[in-house]
Amino acid sequence: MDDHQNVCKESTYSELFHAHSKTIFNYIYYKFGNKEKAHDAVQEAFVKLWENCAKVTPGKAKSYLYTVANNLYLNVIKADKVRLKYADKTLKTIHETPEFIMEENEFKAKLDKALNDLPENQRSTFLLNRIDGKKYAEIAELEGVSIKAIEKRMHLALKTLREKIDGI
Amino acid sequence: MQENYLAKWLNGELSEKEVSEFKKSKEYASYLKIANASQDLRAPNFDVNQSWELLQAQNAQKHPKVITISPFKSFLRVAAVIAVLLTGAYFYINTLDDNIKTQLAENKEIILPDNSEILLNAESELSYSEKNWDSKRAIKLEGEAFFKVAKGKKFTVTTDQGTIAVLGTQFNVENRDGFFEVTCFEGLVSVTIDGEEQKLPAGNSIISLNGNITKSQVEINGQPSWLNQESSFKSIPLKYVLAEFQRQHNIEVELKDIDENLLFTGTFSNIDRDLALKSISTPLQIKFKLEGNKVLFYEESAP
């Protein structure tokens, strides 16, 4: 992002919104499983950014948005159940036997439960990577932690998920 | 296996050797399944455009606070400075006295707010406050002027050599270097020279030559001679006569072997230069030589 541009400029602000609003929504949803709160967090973060547009450079805007969104519910709300859908492509595969589909659904239910049992930080980091394709470095930047800390979360998340699903 | 190898594996950072070793483990199948399945997960729908519109509505309310106020503030700041400057300039200009000046060989007529008239002779200057004229009829004068004062409050003329105070009359003031003359043509004029007040009735003139005060009667034909384009003198040292000649004709005068304190009585034209030169030289029995803008007066017997 070019720092000569000003966040107060309508076009820059709009670009930032269209680039980040969806992921901020997801990020908050992964943590708390609450769509309303995730919507509110997006609004709150961007309103705050607009109010402080003169102070926040475009380069800093992204981490500013995530920080505001994250702090909004920090220690305030208890996480609800995170409900995630599966992409349509698995349903389109029509070659599967009924047994396979049953097995598959059973697995999905287990995965769903295991994900919900994960700590908020691990769940949001894991899903930002798996669903939104965010690189570890990017997640580290917006969470304000080291890449290694993100790797640790990913590792623990995957390990815990497998243990829960395999029933260990 | 290295630290956080599951994260490295997901990110494709494991070496081939490490990958093949990992594939042999019994947990690998489960990990692979979780990794693939989790990639197919989808978050709830988020309508970017709807959210953007909602945000725009929210920001619109805060818009004036953030964007509009600051340029407006700086505009106000600039406007305030301009207003102060304009007000200051207005009052400053208002307190300035009106100033009227004549060049060499130039006369001016000034009508004052109370219809008093001033005729300003050549190379003279006067100033007065037009704004305060009704409360204070006061004039500062350098040079020579004729006054026709309308009846009213005290009218004062201040010069560096003396002060004239009247109520309503016609008088002439000549205030030149070392030469101060007041002539009253109508009514009564009060003249103060060096703190000494003198009453000057119509038809009288008072002259101060370097502090020596003499009074004399003058012919009363209603107005001073310079208003008829003439300069009249009665027993006045030649240097003052020539000084007036220079002022009226914008010419440079030089004297050779001539006493500048010779007394001159007579009149010269303020328009016709050659006639004026003769008017001055003939009664004094001296000669003159005119060269461009210079005139040399010399003794008849001198070469």
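**Close-up views of a predicted two-chain model**

**View 1. Parallel pairing of β16 and β19 in chain B.** Strand β19 (residues 294–299) of chain B pairs with β16(B) in the parallel sense over 5 bridges; two strands count as paired if DSSP finds at least two bridges between them. Within this pairing, B:F297 in β19(B) is the bridge partner of B:L255. Strands (E, at least two residues) and helices (H or I, at least four) are DSSP runs numbered from the N terminus. The model is predicted: local features need pLDDT of at least 70, side-chain atom pairs count only at pLDDT 80 or more, and totals for chains, interfaces and linings use all residues. Residues are numbered from 1 along each chain as its sequence is written, chains are lettered from A and ligands numbered from 1 in the order in which they are written, and side-chain values use heavy atoms, with hydrogens and water left out.

**View 2. The open sheet of chain B and the helices lying across it.** The sheet has 3 strands in the order β16-β19-β18 (chain B), with mixed pairing. Because β16 (252–256) and β18 (286–291) of chain B each have a single partner strand, they stand at the edges, and one side of each is left without a neighbour in the sheet. On average, neighbouring strands of this sheet are turned by 20 degrees against each other, direction ignored. Helix α5 (residues 238–249) of chain B lies across β16 and β19 of chain B, at about 150 degrees to β16(B). Helix α6 (residues 273–284) of chain B lies across β18 and β19 of chain B, at about 155 degrees to β18(B). Axes are lines fitted to C-alpha atoms, for helices over the stretch in contact (heavy atoms within 4.5 Å), and angles run from 0 to 180 degrees between N-to-C directions.

**View 3. Crossing of α6 and α8 in chain A.** The axes of helix α6 (residues 120–130) of chain A and helix α8 (residues 147–165) of chain A come within 9 Å and cross at roughly 95 degrees. This makes α6(A) roughly perpendicular to α8(A) (65 to 115 degrees). Among the residues that meet are A:F126 and A:R130 in α6(A), and A:M154 and A:L158 in α8(A).

**View 4. Annotated segments of chain B.** The UniProt annotation "domain: Protein FecR C-terminal" (unreviewed entry) covers residues 232–296 of chain B; this span is 37% helix and 42% strand. UniProt also lists residues 75–93 of chain B as "transmembrane region" (unreviewed entry), and this stretch is 100% helix, with its end C-alpha atoms 26 Å apart.

Technical notes: Parallel < 35°, antiparallel > 145°, perpendicular 65-115°, else oblique. UniProt positions renumbered as here; feature names shortened; annotations may be inferred.
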